[in-house]
Structures are given as C-alpha cells and as structure tokens.
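Q: Hey, can you walk me through this one? I'm new to reading structures.
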Amino acid sequence: MKAASRQTEPALQDLDAAADQAISACGGDARQAVKALIVANDFLETQLEGLRKQVSTGYARGRLPGTREQRGDPDD
C-alpha cells in the first residue's frame, strides 16, 4: 500500500504545480483560471470529436463512442 502512495505523491505534486501555473497565468485569479481551463477543455473535446469522426469505422472497430450511430447500425 505504501508503494502506491509513493507513486501518487509525485503525480499530486505535478498536479499542484500545474494548478499553480494556471492560476499564475491568470494573474493569480483562481476563478479566471478555472474559466480558462473549462474553455481549453471544451476546445480539446471539440478537436477530439472531429478526429473521432475522421477515424474509419473499420479501424476503430466500434471501439469509439458514436461509431455505431455513425454507421446507422442498430444497438445490440
């Protein structure tokens, strides 16, 4: 159990550092940092959705969300 906590400690430190960096980039305003991160996340989700649509159904083999609906296959 302690080995698992040692592995997550650096990840938590990285997360804290990233949060501090985001807040700093927004002039120390945490609310503005949250807004900026929400906008960035929305942008990345939109890009990801576009890429998912470009991946062929044969390549994805139905593993991506929405691939069955795009082909018009009925749900199993």
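A: Sure. Helices here are DSSP runs of at least four residues, numbered from the N terminus. With that in hand, the elements of the chain run α-α-α-α from the N terminus on. Keep in mind that this is a predicted model.

Q: How many strands are there, then?
A: Zero strands, next to four helices.

Q: Which helix has the highest confidence?
A: That's α2, with a mean pLDDT of 94. Confidence is lowest in α4, residues 67-71, where the mean is 50.

Q: What do I do with a low score?
A: Where pLDDT is low, don't read the predicted coordinates in detail.

Q: And over the chain, what's the average pLDDT?
A: It's 80, and 70% of the residues score at least 70.

Q: Back to α2. How far does it reach?
A: Its 25 residues, 30-54, reach 36 Å from first C-alpha to last, close to the expected 36 Å.

Q: What caps its N-terminal end?
A: Asp 29 does, with a side-chain oxygen 3.0 Å from the backbone nitrogen of Arg 31.

Q: New topic: what share of the chain is buried?
A: Buried residues make up 5% of the 76.

Terms used:
Residues are numbered from 1 along each chain as its sequence is written. Side-chain values use heavy atoms; hydrogens and water are left out. Helices (H or I, at least four residues) and strands (E, at least two) are DSSP runs, numbered from the N terminus. The expected span of a helix is 1.5 Å times one less than its number of residues. A polar contact is a pair of N or O atoms within 3.5 Å; within protein, one must be able to donate a hydrogen and the other to accept it, and residues adjacent in sequence count only if both atoms are side-chain atoms. Buried means under 20% relative accessible area, exposed over 50%, partly exposed in between (1.4 Å probe, protein chains only). pLDDT is the predictor's confidence in each residue, from 0 to 100.
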